[in-house]
Amino acid sequence: MANKKLISIILCVVASLVALLVPAGIYGIDGLSVVEQRVIAIFILAALLWITEPIPIWTTSAFIMVLMLLTVSSSSFAPLISADNYALTAEEVASSGKPFLGNLIKYKDIMAAFADPIIMLFMGGFVLAIAAGKIGLDGQLAKVLLAPFGKDPKIVMLGFLVVTGVFSMFMSNTATAAMMLAIMNPVFKSMRNEDGTLDRGVVGLAMAIPIGANIGGMGTPIGTPPNAVAMKYLNDPDYLNLGVGFGTWMLVMIPLVFLIFAFAWVLLTKMYPFTMKEIKLKIDNDAFGNANPRDKKIICATFAVTILLWVTDRLTGINANIVALIPFAILSVTGIFTKKDLASIDWDVLWLVAGGFALGIGLEKTGLAKHMVESIPFGEWSPMVVMVGSGLLCLTMSTFMSNSASAALLLPIMYTVGQGMDLGAFGGVCTMLLGVALSASLAMALPISTPPNALAYSTGNIKQKDMATVGIIVGMFGFALAFAALTLFVGPMRIFG
C-alpha cells in the first residue's frame, strides 16, 4: 500500500513537471506567462493528488498553498522572480529575449484564503454543531422531530429523510448520518420476519439516511463545502459580488431539497416495500436531560438566535459570515466552548476549502483566467451544453472523489468559462456555478462517494448494487430537477441577482 501511494505521488509530480516544462505554445493560450504556466502545473498537481488521494486531501490543499507562496507570489524564492532570469515587463521581452515572468500574486492574498469570510461561515456552523452535541441537543431535536411520524414504516422512513436532511442543513452531514444510524441500529436488528430474515424495507430505511444527509446539505450555504465554495464566487467583490443572502439561498434550495426527498421516498418504498406493519422507535437521550441547565439555556438560545439571524440577513443587514462568529464569541466567553472543543473543529474541511480558494486566486490574479477566456472559443459553443456538461462532469468526479475537492477544482474553471459566454438568458455565470455546486452533492452512487454513504454501507444492511441503483436514480432526478429550476426559473428571474 505504501509503495502504491509513493508511485501515485511520483506520477502526480512528474505530470505536473511536464506541464511546467513543456513549451508554452502547446497550451494554445495567447500571452501565457511563466507565472501562469506555473499555476497550470500547480493546478494539475492538485487535481491529480485530489483524485488519486495518495495523501489526505486536506494536506494537498496545504501543500499547494505553500507551493504557490514559494513560486507565484510576490514573496517567492528569489531566483524564480529575479529580473536576471525573467523579463518583468512586456517591453523587456522584446529587448532582452527573456521569457515574460507575468503577474505575481500578493502573498497576503494567498494567505487570506484561509481567513476568507466563507471559511468563518463554515467554522460557525461547526461550533454550533459541537455545542449542540455537548448537551445532547441534536439527539433531543431528533427525538422531538421524529415523534410526529408515528409507527407506520413508510411514514417513519419519510421522517428519517426529512429529519436527517434538516440536521444536515446546519451541521456536518457525516455527524448527522452517524447520529441517525445510531438511533436506527437497534431498530434494524429488530426488523425481522417470521423466518428470521431481515425485512426488505430495512434496505430502504438504511438508504434514507445517507440520501437525507447528502441532499439536505444543499439547503443552506453551510450545509456542505461545495455550497461554501460557490458562495465565494457569488459574493466576493473580486468575482460576481451578488450579495446572495443566507435566507435567499434557503428560499430557492429548500423546495428543491424537499421535492427530491419526495421522489426518493416514493422510490424507496416501491423498491424496498415493508412487510412489517409497525416500527417502534426508542430514542434514549440522557445527555440532554443530564446537561447543565445553564449550558442548555445558553446553547439553545444561541442556536435559535444564530439561525434566525442567518435566515433574516436581508432584513437585519448583518452579513451571514459575521453572524457565524456570534456563537463562537458567546459560547467561548461563557466557557461552554473550550480549548478542547476548538481542537475538534473539522479543520481538514476548512483547509480543503481554502486550497480551492487559493487555486481560484491563482487563476484570477495572474491573469490566466482572462487569457483562457480570450483564447478558447466558448462563444461558439451552446451555453446549455456547457452548463449541463459542467454539472455532469462534477457529478461524475464527485462519485469517485471528495465532492469538496471536485467543487474546488471545477468552480474556478467554470467561473472563467462563464465569463467568456453569453449566459444572460439563463441568469448569467451565477446559474452555472450553482449547477456545479449542486451536482457535487447529488453524487451518491458508491460507498466511497460520501462519508454518509460509507457509514450506511458499513451497517451491512445495504449491498453495493442497491446503493448504486438508488444513488444513480435519485442523483439523476435531482440533477434534472436542479438544472430545470435554475435555467427556467431561478436564473431568468434573477433571484440571486
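Which residues does Asn214 touch, not counting residues up to four places away in sequence? In this predicted model, the partners of Asn214 are Asn173, Ser441, Met444, Thr450, Pro452 and Asn453. Asn214 itself sits in helix α10, which spans residues 201–216. Its relative accessibility is 3%, and because buried means under 20%, Asn214 counts as buried.

Helix α10 also packs against a neighbour, helix α8 (residues 153–168). A general point helps in reading what follows: two packed helices are described by the angle between their axes and the distance between the axes. For α8 and α10, the angle is about 25 degrees and the axes lie 7 Å apart. Angles under 35 degrees count as roughly parallel, so α8 and α10 are roughly parallel to each other. The crossing of α8 past α10 is right-handed. On the α8 side, the contact is formed by Met157, Phe160, Leu161, Thr164, Gly165 and Ser168. On the α10 side, these residues meet Gly201, Gly204, Leu205, Ala208, Ile209, Ile211, Gly212, Ala213 and Gly216. Sorted by class, the contact of α8 with α10 holds eight nonpolar and seven polar residues, with no charged ones.

A second helix pair is made by α6 and helix α17 (residues 325–333). Here the axes are 7 Å apart and the packing angle is about 45 degrees. This angle falls outside the ranges for roughly parallel, roughly antiparallel and roughly perpendicular, and α6 and α17 are therefore oblique to each other. Their crossing is left-handed. Helix α6 brings Met120, Gly124, Val127, Leu128 and Ala131 to the contact, while α17 brings Leu325, Pro327, Phe328 and Leu331. Eight residues of the contact of α6 with α17 are nonpolar, one is polar and none is charged.

The model can also be viewed through its largest nonpolar core, which has 161 residues. The members that touch the most other members are Trp50, Met180, Ile211, Ile215, Trp310 and Phe496. Helix α6 (residues 117–135) supplies the largest share of this core, with 13 residues. Ile211 appears both among these core members and in the contact of α10 with α8.

Trp50 gives a closer look at one of these core members. Leaving aside residues up to four places away in sequence, Trp50 touches Ile57, Thr60, Ser61 and Ile64, together with Leu352, Gly355, Gly356 and Leu359. The list of its partners is completed by Met401, Ala405, Ala408 and Leu409.

Technical notes. Residues numbered from 1 in each chain as written. Predicted model: local features only at pLDDT ≥ 70, side-chain atom pairs only at ≥ 80, totals over all residues. Heavy atoms only, no water. Core = buried A, V, L, I, M, F, W, Y, C linked by side-chain atoms within 4.5 Å. Buried < 20%, exposed > 50% of the residue type's maximum accessible area, 1.4 Å probe, protein only. Helix = DSSP H or I, 4+ residues; strand = E, 2+ residues; numbered from the N terminus. Contact = heavy atoms within 4.5 Å. Axes fitted to C-alpha atoms, helices over the stretch in contact; angles between N-to-C directions. Parallel < 35°, antiparallel > 145°, perpendicular 65-115°, else oblique. Left-handed = near helix turned anticlockwise from the far one by under 90°. Nonpolar A, V, L, I, M, F, W, Y, C, P; charged D, E, K, R; others polar.
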